Amino acid sequence: MRDHPHDGAAAPDAHPHPSGTGDDAHLSGAHAQLPEVWRGSATNRVQWLLAAIGVACLALGVQLAVDSRWASSVVPLVMAVVGCVAAGLLVLFGTLAFVHVDVQVDGESMEVRCGHIGVPRRRIPLSGVVGVETAPWVTPRHWGGWGYRWRPEQGMAIVVRRGEAVVLTLRDGRTFTVTVDDAEGAARCIRSRIPAPTATP
């Protein structure tokens, strides 16, 4: 047997507040629970496989550089080594930069930091945000790949994994999307700190 009232039902001795309804009190409580600084993150462990490929390319470049069997010509050796090292570094950096994202919302801005060293980084002042919503399912296919993306018809996005995302509408009409866990919590926090849209007469 349950020894407490059902969620949403009034307790036996409870009385409505004389200055407002129960719904008003609920909304006030929800607003009071918003954190001063909201923090969230998202991680894609699958991309560690791509990081391993980048390391393999670097290792291949090193092996070619020390392989004495390339004694006939230096030019093919240099081209092979440079190609492997460049490909390895490109894949490694591009992957490690976007296996993780941290999002922070305070009273002035939303800041997004990519990777475990926080680079690249994007800071969006809330004064330039006119709307916020959540997208329940964002995938790399929607944006043409992982990472920091831009599409003329969609705006900009940071996509590190499939799933929910926060979508900001900026004052200049562009949008900014970032995949993050608890996107709804981030949206509530941002929504409470941007001016409500003004009705046009």
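## A walk through the model, from the sheet to the core

Start with the whole protein chain in cartoon view: its secondary structure comes to five helices and nine strands. Helices here are DSSP runs of H or I with at least four residues, strands are E runs of at least two, and both are numbered from the N terminus. Read along the sequence, the pattern is α-β-α-α-β-β-β-β-α-β-β-β-β-α.

Keep in mind that this is a predicted model, where local features need pLDDT of at least 70 and side-chain atom pairs count only at pLDDT 80 or more, while totals for chains, interfaces and linings use all residues. Residues are numbered from 1 along each chain as its sequence is written, and side-chain values use heavy atoms, with hydrogens and water left out.

Now switch on the surface. The protein chain exposes about 12,800 Å², and carbon and sulfur atoms supply 61% of that; the areas come from the Shrake-Rupley method with a 1.4 Å probe, and for residues only the protein chains shown count as cover. Of the 201 residues, 33% count as buried, meaning under 20% relative accessible area, with exposed being over 50% and partly exposed in between (1.4 Å probe, protein chains only).

**Stop 1: the open sheet**

Select β5, β6, β7, β8 and β9. They make an open sheet of five strands in the order β5-β8-β9-β7-β6, with mixed pairing. Strands pair if DSSP finds at least two bridges between them. β5 and β6 (147-151) stand at the edges with a single partner strand each, so one side of each is left without a neighbour in the sheet. Zoom in on β5 and β8, which run antiparallel and are joined by seven bridges. G131 stands opposite T169 in β8.

**Stop 2: β1 and β2**

Next, select β1 (38-43) and β2 (100-105). The two pair in the antiparallel sense over six bridges, and G40 stands opposite V103 in β2. Show the side chains of β1 and you'll see them alternate: W38, G40 and A42 point to one face and are buried, while R39, S41 and T43 point to the other and are not.

**Stop 3: the β3-β4 hairpin**

Move on to β3 and β4, a hairpin with six residues between the strands. Look in the turn for G115, which has a positive phi of about 70°. The strands run antiparallel, with five bridges joining them, and S109 has P125 in β4 as its bridge partner. Strand β4 (residues 121-125) alternates too: R122 and I124 point to one face and are buried, whereas R121, R123 and P125 point to the other and are not.

**Stop 4: the nonpolar core**

Which residues touch the most other members of the largest nonpolar core? Select V103, M110, I158, V166, L168, V178 and I190, out of 28 residues in that core. A nonpolar core is a set of buried Ala, Val, Leu, Ile, Met, Phe, Trp, Tyr and Cys residues joined through side-chain atoms within 4.5 Å. The largest share, five residues, comes from α5. A second, separate core of seven residues includes A135, V138, W143 and A157.

Centre the view on V103. Not counting residues up to four places away in sequence, V103 touches W38, R39, G40, M110, E111, V112, V178 and V180; contact means heavy atoms within 4.5 Å.

Then colour α5 (183-191). Its buried residues are A183, G185, A186, A187, C189 and I190, and these pack against β1, β2, β3, β5 and β8. In the loop between β9 and α5, click on D182. Its phi is near 55°, a positive value in a residue other than glycine, and D182 is partly exposed, with a relative accessible area of 40%.

**Stop 5: R161**

Finish in the loop between β7 (155-159) and β8, where R161 is found. Is R161 buried or exposed? At 10% relative accessibility, R161 counts as buried.

Show its side chain as sticks. R161 makes a polar contact with the side chain of D181 at 2.8 Å; a polar contact is a pair of N or O atoms within 3.5 Å, where within protein one must be able to donate a hydrogen and the other to accept it, and residues adjacent in sequence count only if both atoms are side-chain atoms. A polar atom of the R161 side chain also lies 2.9 Å from the backbone oxygen of E164. Leaving aside neighbours within four places in sequence, R161 is in contact with A42, T43, N44, V138, W146, T179, V180 and D181.
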